[in-house]
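Please keep the sequence and the 3D view side by side while you read, and find each residue as it is named. The paragraphs below go through the structure one topic at a time.

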Amino acid sequence: MENGLLEFLACPRDHQPLQRAADDSLGCAAGHRYPVVEGVPVLLLEESADTLGVEDSVLRRARGETAGDPRAPELYLESLGLSDDELEGIARLWRAGTSAIDPAVQYLAAATCGIAYKAAMGRLVEYPIPEIPLPAGEGRRLLDIGCNWGRWSLAAARNGYRVTGIDPQLGAVMAARRVARQLGLDIDFVCADARFLPFAAGTLDAAFSYSVLQHFSRADCLQAVREIGRVLQPGGLAKVQMANALGIRSAYHLARRGFREPSGFEVRYYMPGQLLGLFETHVGPAQLHPDCFFGLGLQGTDAAFMSAAGRVALRGSGIMKKASRAFAPLKLLADSVYVEAVKS
């Protein structure tokens, strides 16, 4: 962990500055202590409700109470929200040592980039790094919330941002750090929760999040947006991808599950007015931009990684995005939208 990162970190409980202790752990003046694992701060709260079902495993491993998954303990597999078959696939690739792509990413990519990428699971030959829809960073500090294996953190770093990625899955954070080092990109990673951001108020220039808050309960999403508003400095930019209830594909999924209340990690769909109101209240003036139509997570730069059906959806999405620039109301039918807000 670099000292430059420590200057921006704060206790996720009381937002007081964190100091490094003799045992390399971090602590605040109130006595809250946090472990550091291989240079990665683990700033999770054991008393908070777990959104992914992995935080207990992460904290026990970080405290040295368990040795981790014996198949590949150095990969922190126990903290990845994947099936046992997928974890076994990661361990097998790791032991073989023949994949130029990080073994964890070979399986995490399908979980983070959408079902259209399932065909590429275990067979990636390059990292699916998209173009981040933000202006050039020019050294500004950006927080990637729910970074997982670092897909958008890598994109932001390539666009000139000084990036910190956070995720509650220690194994994903470690994979992100390995990939960043492999690609020669200087990125900080922290194991943390979007609802309790471990940063002092008004210290960040930008916050970005993709396919994260849409999975939170309404209450957790509200708390995360409040935290974004707290850590951004005045004039700072928040850009967060969310699922639009008016989207064509969204309407299909809502009907398929009988319009019942979602549970667990299921996607929550919001009306456009709800999204604008949420961000305007807790961050600042907001507007919506279409991300993609006919699905969630479709990125034009990823066509080579996608199935045939995914590429068809991608082409249709591109046509609709182009049409929405000529006829603005069409953007309200996008399944995936960006909420862009500027801190008041």
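The charged end of Arg-141 is placed over the ring of Phe-8, at 3.7 Å from the centre of that ring. Please bear in mind that this is a predicted model, and that a second arrangement of this kind can be found at Tyr-338, where the charged end of Lys-239 sits over the ring, 5.0 Å from its centre.

Arg-141 also leads us to Asp-188, a residue of strand 8, which covers residues 188-192. Asp-188 is buried and yet has no salt bridge, and the nearest side chain of opposite charge, that of Arg-141, is 4.3 Å away. Because a salt bridge requires a side-chain nitrogen of Lys or Arg within 4 Å of a carboxyl oxygen of Asp or Glu, the distance of 4.3 Å to Arg-141 does not qualify. If we leave aside the neighbours within four places in sequence, Asp-188 is in contact with Leu-5, Arg-141, Val-163, Thr-164 and Gly-165.

Some of these names take us to the strands themselves. Strand 7 consists of residues 162-167, and five of its six residues are buried, so this strand is largely enclosed by the rest of the structure. Strand 7 pairs with strand 6 (residues 141-145) in the parallel sense over five bridges, and within this pairing Asp-144 stands opposite Gly-165 of strand 7.

A sheet with antiparallel pairing is found elsewhere in the sequence: it is an open sheet of three strands in the order 1-2-3. Its edges are formed by strand 1 (19-20) and strand 3 (33-34), each of which pairs on one side only. Strand 2, residues 26-27, is joined to strand 3 by two bridges in the antiparallel sense, and here Leu-26 has Tyr-34 of strand 3 as its bridge partner.

Finally, we turn to the aromatic rings, for which a search of the whole structure finds six pairs. In one of them, Trp-152 and Tyr-210, the ring centres are 4.9 Å apart and the planes lie at 25°, so the pair counts as stacked. Trp-152 belongs to helix 5 (residues 151-158), while Tyr-210 lies in the loop between strand 9 (204-209) and helix 7 (218-231), so that the pair ties together parts that are 58 residues apart in sequence. Trp-152 counts as buried at 7% relative accessibility, and Tyr-210 is likewise buried, with a relative accessible area of 8%. Together with Phe-208 and Tyr-338, these two residues, Trp-152 and Tyr-210, form one aromatic cluster, and Tyr-338 is the residue whose ring lies beneath the charged end of Lys-239.

Key: Residues numbered from 1 in each chain as written. Predicted model: local features only at pLDDT ≥ 70, side-chain atom pairs only at ≥ 80, totals over all residues. Heavy atoms only, no water. Phe/Tyr/Trp six-rings, centres within 6.5 Å; stacked < 30°, edge-to-face > 60°. Helix = DSSP H or I, 4+ residues; strand = E, 2+ residues; numbered from the N terminus. Buried < 20%, exposed > 50% of the residue type's maximum accessible area, 1.4 Å probe, protein only. Lys NZ or Arg CZ within 6 Å of the ring centre and 35° of its normal. Pairing = 2+ DSSP bridges. Lys, Arg positive; Asp, Glu negative; His and termini not counted. Contact = heavy atoms within 4.5 Å.
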